[in-house]
Amino acid sequence: MITINIKVFDTKEQIAKEAAQMIATQIKSKPDSVLGLATGASPILTYEALIEMYKQNELSFKDVTTFNLDEYCNIPKNDKNSYYTFMHETLFNHIDIKEENVNFHDGNAADTEAECARYDALVEEKGGVDLQILGIGNNAHIAFNEPSDEFSKGSYKTKLTDSTIEANKIYFTESEMPQYALTMGVENICKAKSIILLAMGEKKAKAIKNMIKGEITPSVPASILQSHSDVTVLLDKEAASLL
Ligand code: GLP
């Protein structure tokens with residue numbers, strides 16, 4: 001049986017340091033690595049740690065390619081709350097990554113199916129994701145794959161659940177929280193060669209327990225990670241409290 005590698009830390013800073021070290025090791029061993037990146041609060045300190053490594057000349061992203069997991073529909077690309085803006089403000093504007101190497105779904109594409117097919121084909125063309133960073137939703141969603149009757153395959157347009165809208169709407173002070181997003185599918189995500197999932201706080205404890213100890217079921221999207229051969233889960237004590 002495959003076992004998920006679980007590491008529990010005292011502080012968020014320690015989680016970020018560990019994640020950033022793992023990402024740095026990946027980039028140093030393959031400078032043209034393809035990274036899968038996540039938004040949300042969980043990876044922010046990790047991105048800060050990567051920026052610090054870049055500033056100290058320990059790490060370069062000049063040949064790195066990134067694919068973000070998801071993007072909201074029907075808000076402008078440059079909206080304050082788009083994931084495009086989040087990633088630029090939180091990471092890309094502060095490192096030497098090339099803008100042409102950062103990739104997002106176009107949440108405003110007229111033909112969303114064609115846009116999703118384009119995105120998935122581009123990931124394949126670049127050789128697939130070497131290392132995927134993931135957060136987890138309170139309902140165990142990964143990217144924007146909400147609890148469902150079946151695991152999704154490729155990228156698709158999804159309707160966000162009330163739980164996700166509730167958790168994310170705090171960020172939307174000036175505009176309405178979107179109800180739809182384009183997201184990589186569960187099968188897409190699991191094609192990554194290795195995966196790091198970050199979770200902090202007691203709000204995530206139940207999702208973490210169900211993901212690791214429960215059965216593999218699309219009603220707990222993150223549980224699919226039990227079937228992946230290289231997953232590391234970095235937790236604080238609160239998120240690990242029900243394990
Ligand atoms: C959003 C994102 C996910 C992220 C989740 C948890 O729904 N689409 O990729 O993992 O939020 O976010 P946070 O890290 O802020 O708890």
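**Exercise 1.** What kind of unit do strand 2, helix 2 and strand 3 make?

*Solution.* This is a predicted model, in which local features need pLDDT of at least 70 and side-chain atom pairs count only at pLDDT 80 or more, while totals for chains, interfaces and linings use all residues. Residues are numbered from 1 along each chain as its sequence is written, and side-chain values use heavy atoms, with hydrogens and water left out.

Begin with the elements, which are DSSP runs numbered from the N terminus (helices are H or I with at least four residues, strands E with at least two). Strand 2, helix 2 (residues 44-55) and strand 3 make a right-handed β-α-β unit; right-handed means that, with the strands pointing away from the viewer, the path from the first strand over the helix to the second runs clockwise.

**Exercise 2.** Place strand 2 among its neighbours and describe its two faces.

*Solution.* Two strands pair if DSSP finds at least two bridges between them. Strand 2 pairs in the parallel sense with strand 3 (residues 65-68) over four bridges, and leucine 35 stands opposite threonine 66 there. Strand 2 also pairs in the parallel sense with strand 6 (residues 131-134), over two bridges, where leucine 35 stands opposite leucine 131.

Next, consider the faces. In a regular strand the side chains alternate between the two faces of the sheet. In strand 2 (residues 34-37), Val34 and Gly36 lie on one side and Leu35 and Leu37 on the other, and all are buried, that is, under 20% relative accessible area with a 1.4 Å probe and protein chains only.

Finally, widen the view: seven strands form an open sheet with parallel pairing, in the order 1-10-9-6-2-3-5. Strand 1 (5-9) and strand 5 (102-103) stand at the edges with a single partner strand each, so one side of each is left without a neighbour in the sheet.

**Exercise 3.** Which side chains make polar contacts with the ligand, and how much of the ligand does the protein cover?

*Solution.* A polar contact is a pair of N or O atoms within 3.5 Å. A polar side-chain atom of serine 42 lies 2.5 Å from an oxygen atom of the ligand, and one of aspartate 70 lies 2.8 Å from a ligand nitrogen atom. For asparagine 168, an N or O atom of the side chain is 3.4 Å from an oxygen atom of the ligand. As for cover, the protein takes up 91% of the 390 Å² of accessible area that the ligand has on its own, by the Shrake-Rupley method with a 1.4 Å probe.

Definitions and conventions
Buried < 20%, exposed > 50% of the residue type's maximum accessible area, 1.4 Å probe, protein only. Polar contact = N/O pair within 3.5 Å; in protein donor to acceptor, adjacent residues only side chain to side chain.
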